[in-house]
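Reader: I'm new to this one. Could you show it to me and then walk me through a few spots?

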Amino acid sequence: MKYLLRNVNLLEVERGEIIKTDILMENGVFARIEPDIKPAEIEDVCEAAERVCKASEPEGRAEASAGGAASKGGTLEAQKVQEIFCDGLFALPGLIDAHSHVELSMLSSASFAEALLQKGTTAAVLDAHDAVNVLGVRGAAYLMKEMAHTPLTPVWMASPCVPSAPGYEDCFGQIELADIRTMIEEYGMYGIAEAMDFHRVIEREASLAAILAYARKKGLFIDGHAPCVRGEALDDYIAAGVRTDHESVTVEEMLEKYEKGMYVIVRRGSLQEPASAKELLEKVGETERVLLSTDGCITVQDMLAHGHMNYALAQLVAEGVEPMRAVRMATLYPAKAYGLSHMGSVAVGKKADLLLVKDLRDFEAVSVYVDGMPLWPAYEREAFPEEVIHSLHHRVFVKQDMEIAVPEGAKEVQAVVLAIVDGTLETRKEEKILRSEADKLCLPADILYCAVADRYRKEGSVGTGLVCGAGAFRGAVAGSIAQDTQNLIGLGSDGEDICLAMNEVLKRQGGVAFVQDGEVKAFLALPVMGILSQKPAADFAEEVQNLNLLLREAGMTLSNPLLTLSLQIPLAVIPELAITNRGLLDVAQNRFIPVCRPV
């Protein structure tokens with residue numbers, strides 16, 4: 001089947017112009033792009049190809065894809081050329097996420113791809129480090145295998161920092177050079193994913209240095225992750241071969257990295273970001289080295305309500321970035337950076353990935369075409385083996401596992417509390433005087449207990465700490481989703497409830513449990529590696545919404561409770577504090593600190 005888009009406003013990103021034209025898509029590519037294409041000029045589709053099209057076309061596919069653009073001339077089966085009238089609509093190249101993670105969505109690869117494609121994201125640079133934390137390189141292979149059932153174009157990057165902070169957290173096992181060679185040479189990955197343990201990079205730690213030396217020798221693209229790294233430390237980081245960064249917290253930091261030759265990746269999604277994209281772009285001028293990504297930090301609810309990369313575009317434009325420039329950051333420029341020479345613009349001979357939108361403000365997707373065809377409604381799921389669906393191995397927890405050591409006989413203690421900055425990835429270090437009775441803490445309503453456990457070993461270690469900023473929450477929530485290791489994490493007002501919630505996650509082999517007064521109130525199943533669901537995004541989002549409502553009724557005030565549980569509290573590579581399975585970590589000082597000490 002050939003599709004002819006009529007009278008569309010095409011964003012010609014190569015030249016930076018908007019032109020009114022027709023677009024013919026045929027055999028997976030853009031075949032002609034010019035005004036007023038005559039149907040008689042278009043070569044007929046051969047009868048055999050038409051029979052194949054009829055046999056494979058799901059009912060209603062074209063009608064669903066048109067979504068507001070008017071089609072003409074009867075059913076798909078009766079047409080050799082399907083004309084779509086697009087007056088007033090804008091055509092954009094398929095959007096490219098310059099850095100993301102399937103696993104942060106908590107959806108399996110097929111569910112993830114379905115959600116992105118419907119919003120116009122047709123390619124993504126993907127780091128599978130969460131799956132690698134769970135099952136080593138086999139975890140990445142499982143994500144890749146299911147993704148291959150979908151038409152989303154993945155640029156897979158081999159994860160070099162698993163765990164993200166060796167010595168400070170534990171996962172399935174540490175990635176070494178042999179694992180990287182497997183991912184590059186056997187799995188066919190494009191380059192090296194974010195070198196997030198910047199301390200090890202800068203200090204030239206032997207195992208990570210060997211990985212980066214291998215990458216440089218092979219000419220591989222190396223992604224970075226270096227929040228607040230500047231000056232000579234940044235010089236050393238770049239000298240290791242790192243090409244990008246997506247973690248800058250100020251425009252000045254972004255500008256320094258850009259001026260030293262790095263690609264700066266602007267992140268937009270469900271989080272509040274501290275640095276202005278408009279200000280950065282005004283300072284650097286037109287450039288191919290500023291890209292746009294979600295970093296996977298966008299909830300399924302936001303994807304469904306607002307979009308994916310089109311939502312990121314809308315945020316940039318709302319900040320004052322000119323629309324054409326924003327679109328280039330999400331199409332042409334990431335395509336050039338990551339070797340997608342057949343994508344990134346609407347041009348004759350390129351892969352026919354395209355989305356139609358009503359305006360260049362909200363970028364709401366009206367319809368999406370991939371390989372010149374409307375989207376299928378769903379894609380095949382993998383039937384995963386036992387190691388994927390039975391990946392939690394810790395013994396049953398007891399209440400004592402959740403306890404925080406208090407100086408013997410102390411009536412008061414000086415406590416270090418991890419303070420959540422809601423809606424961001426930031427945490428702050430706060431010190432509070434707390435009462436103690438019988439060597440047990442007496443917590444005010446707005447301070448909660450937290451425990452993180454190594455899920456991979458029967459006698460895996462358990463780290464504990466205190467958290468504030470989540471509200472006067474009563475009960476406990478636990479999940480097998482603690483980044484980046486995907487360890488078990490529990491947060492709550494009562495140690496017994498935390499223990500029960502974590503045991504429920506163990507029993508069900510992955511998910512998120514809410515417990516109150518000794519009773520399991522809700523459970524969100526994540527059966528794939530204990531971190532992913534294969535349900536359609538809309539069904540999964542409804543389950544998450546129901547869980548969030550229960551948590552709010554119990555006093556939790558966080559805007560995205562699961563994002564905080566997964567990313568903010570346990571993340572050992574973003575300042576200031578983290579709680580890992582080994583204890584309370586001062587990220588900036590790169591050392592563990594006691595939760596309580598004598599006043």
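Author: Sure, rings come up soon: rings of Phe, Tyr and Trp (its six-membered ring) pair if their centres lie within 6.5 Å, and planes under 30 degrees apart count as stacked, over 60 as edge-to-face and the rest as tilted. This is a predicted model, where local features need pLDDT of at least 70, side-chain atom pairs count only at pLDDT 80 or more, and totals for chains, interfaces and linings use all residues. Residues are numbered from 1 along each chain as its sequence is written, and side-chain values use heavy atoms, with hydrogens and water left out.

Reader: How many aromatic pairs does a search of the whole structure find?

Author: The search covers the whole structure, and the number of aromatic pairs it finds is seven.
One of them joins F221 and Y263, with 5.8 Å centre to centre and 55° between the planes. Both residues are buried (under 20% relative accessible area, with exposed over 50% and partly exposed in between, using a 1.4 Å probe and protein chains only). Back to the count you asked for: seven.

Reader: Is the pair of F473 and F514 stacked or tilted?

Author: Both F473 and F514 are buried. Their ring centres are 6.1 Å apart and the planes sit at 35°, so the pair is tilted.

Reader: Is R200 buried or exposed?

Author: The side chain of R200 makes polar contacts (N or O atoms within 3.5 Å, where within protein one must be able to donate a hydrogen and the other to accept it, and residues adjacent in sequence count only if both atoms are side-chain atoms) with the side chain of E205 at 2.9 Å and that of S207 at 2.9 Å. Its relative accessibility is 10%, so R200 counts as buried.
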